[in-house]
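I opened this structure to practise reading a fold step by step. My notes below follow the order in which I looked things up.

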Amino acid sequence: MLGEDSGIEVEALGGAPGVHSARWAAPGQSKPRLLELLAGQSNRGARMITHLVAIAPDGRELAVAGVLAGEVATEIRGTEGFGYDPIFIPEGEERTVAELGNDWKRRHSHRARAAAALLEALREQGAS
């Protein structure tokens, strides 16, 4: 069995919205609400995070996380991806995830990092 939860944690909001990222605003309003709350903020630091938990048939549990650090943009930019991709700029980049594109995202996102961490943890436990 595999469980997953992802969200964006914003420094200026004390880590919010976090696990509530998908439902902390009316449908379609999450990005505009976040941009509004950060208007005029100099600290736009944030991180996208995914937690994966795998439970083996014998009950053993593996929990891992994948993190993509960066900051919240000042406006919506880009057309690829979903969720917060059009307003999240990864560390070391100037473009949002939505501008960097789905190929970049498949290799570098918080979910890709969590999946790689889970695969490594499974290998360490002798799973194939």
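These entries go from the sheet to a helix and then to a single loop residue, and I keep in mind that the model is predicted.

**Entry 1, the sheet.** I began with the strands and found that 5 of them form an open sheet in the order β2-β1-β3-β4-β5, with antiparallel pairing. β2 (17-18) and β5 stand at the edges with a single partner strand each, so one side of each is left without a neighbour in the sheet. I then looked up how β5 is held to β4, and I noted 3 bridges between these antiparallel strands, including one in which Gly-70 has Pro-90 of β5 as its bridge partner.

**Entry 2, the helix on the sheet.** I saw next that α4 packs on the sheet, where it touches β1, β3 and β4, and that its direction makes about 155° with that of β4. Helix α4 covers residues 110-124 and reaches 21 Å from its first C-alpha to its last, close to the 21 Å expected. Which residues of α4 are buried? I listed His-110, Ala-114, Leu-118 and Ala-121, and they lie on the same side of α4, because they cover an arc of only 75° around the axis. This fits a general rule: residues three or four places apart point the same way, because an α-helix has 3.6 residues a turn. The buried residues of α4 pack against β1, β3, β4 and also α3 (102-108).

**Entry 3, a loop residue.** Finally I checked Glu-91, which lies in the loop between β5 and α2 (97-100). Is Glu-91 buried or exposed? Its relative accessible area is 64%, so I recorded Glu-91 as exposed, although Glu-91 still touches Ala-69 and Gly-70.

Note on methods: Residues are numbered from 1 along each chain as its sequence is written. This is a predicted model: local features need pLDDT of at least 70, side-chain atom pairs count only at pLDDT 80 or more; totals for chains, interfaces and linings use all residues. Side-chain values use heavy atoms; hydrogens and water are left out. Helices (H or I, at least four residues) and strands (E, at least two) are DSSP runs, numbered from the N terminus. Buried means under 20% relative accessible area, exposed over 50%, partly exposed in between (1.4 Å probe, protein chains only). Contact means heavy atoms within 4.5 Å. The expected span of a helix is 1.5 Å times one less than its number of residues. The arc is that of the directions from the helix axis to the C-beta atoms. Two strands pair if DSSP finds at least two bridges between them. Axes are lines fitted to C-alpha atoms, for helices over the stretch in contact, and angles run from 0 to 180 degrees between N-to-C directions.
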